[in-house]
Amino acid sequence: MKYLLLKHYRGGPKPAHEYAPMDQWTPEEVDAHVQYMRDFAVRLQETGELVDERALSPEGAFVRSDGENRPPVTDGPFVETKDLVAGWMIIDVESWDRAVELAGELSAAPGPGGRPIQEWLEVRPILTMSLTDPE
């Protein structure tokens, strides 16, 4: 079963402890955090559980249709209360329990002072229907 792990810049339940936003971390703290995530992804690649992963820029906008023959409407970059996705990882694992276990490990990436940030990660099952596969 495939699951989407979502990392948020902000949003979600109250964190286990407060920490400064990443743009206030030292370069060494950012490097340690990114290296933890790289090592995690490589390990999942070796076990065959990693499908894909990407980090996302904080910039973006909401877009919606404004009706036929009208240009799309945008709002943004983002509303202040908007959950802002920082990145995602798709994993292919045997069970929900394994997906939760891996999300817990990823949540322990180091932050300021090397302390695990214990951030909330959103875990979502991916439906089997594909928009490009007619069956």
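**Close-up views of a predicted model**

**View 1. Helix α2 is as long as its residue count suggests.** The twelve residues of α2 should span 16 Å at 1.5 Å a residue, and the end C-alpha atoms are indeed 16 Å apart, so the two agree. The buried residues here are Ala99, Leu102, Ala103, Leu106 and Ser107. Their directions take up an arc of only 145° around the axis, which means they sit on the same side of α2. Keep in mind that this is a predicted model.

**View 2. Ser107 of α2 and the residues it touches.** Ser107 belongs to helix α2. Its relative accessible area is 12%, under the 20% cut-off, so Ser107 counts as buried. Setting aside residues up to four places away in sequence, Ser107 touches Ile117, Gln118, Glu119 and Leu121.

**View 3. Gln118, a non-glycine with a positive phi.** One of the residues touched by Ser107 is Gln118, so it's worth a picture of its own. Gln118 sits in the loop that runs between α2 and β6. Its phi is positive, at about 50°, even though Gln118 isn't a glycine. With a relative accessible area of 42%, Gln118 is partly exposed.

**View 4. Helix α1, with a buried side and an exposed face.** Helix α1 covers residues 27-47, which makes 21 residues. From first C-alpha to last it reaches 30 Å, close to the 30 Å expected at 1.5 Å a residue. Glu29, His33, Phe40, Ala41 and Leu44 are the buried residues in α1. They are on the same side of α1 because they cover an arc of only 110° around the axis. Turn to the face pointing away from that buried side and you'll find the exposed residues Pro27, Glu28, Asp31, Arg38, Gln45 and Glu46. Just past the end of α1 comes Gly48, with a positive phi of about 80°.

**View 5. The largest nonpolar core.** Fifteen is the residue count here, and Leu5, Leu44, Met89 and Ile91 have the most contacts inside this core. Two or more residues each come from β1 (2-10), α1, β5 (84-92), α2 (96-107) and β6 (121-125). The biggest giver is α2, with four residues. As a bit of background, nonpolar side chains in soluble globular proteins tend to be buried together.

**View 6. Leu5 and its contacts.** Leu5 is among the core residues with the most contacts inside the core, so here's who it meets once neighbours within four places in sequence are left aside. Leu5 is in contact with Gly87, Trp88, Met89 and Ile91, and also with Ala99, Ala103 and Leu106. Glu122 and Val123 complete the list for Leu5.

**View 7. The largest pocket and its lining.** This pocket has a volume of about 910 Å³. Its lining is made up of 34 residues, and those nearest the centre are Lys7, His8, Tyr9, Ala86 and Glu119. Among the elements, β1, α1, β2 (50-55) and β5 each supply at least two residues of the lining.

**View 8. Asn69, out in a loop.** Asn69 lies between β3 (62-64) and β4 (73-75), in the loop that joins the two. Its phi is near 65°, a positive value in a residue other than glycine. The relative accessibility of Asn69 is 78%, over the 50% cut-off, so Asn69 counts as exposed.

Methods:
Residues are numbered from 1 along each chain as its sequence is written. This is a predicted model: local features need pLDDT of at least 70, side-chain atom pairs count only at pLDDT 80 or more; totals for chains, interfaces and linings use all residues. Side-chain values use heavy atoms; hydrogens and water are left out. The expected span of a helix is 1.5 Å times one less than its number of residues. Buried means under 20% relative accessible area, exposed over 50%, partly exposed in between (1.4 Å probe, protein chains only). The arc is that of the directions from the helix axis to the C-beta atoms. A nonpolar core is a set of buried Ala, Val, Leu, Ile, Met, Phe, Trp, Tyr and Cys residues joined through side-chain atoms within 4.5 Å. Contact means heavy atoms within 4.5 Å. On a 1 Å grid over the protein atoms alone, a cavity is a set of points where a 1.4 Å probe fits but cannot get out, and a pocket is an open set with protein on both sides within 12 Å along at least five of seven lines; lining residues have an atom within 4 Å of a point. Grid points are joined across faces, edges and corners, and a volume is the space filled by probe spheres set on the points.
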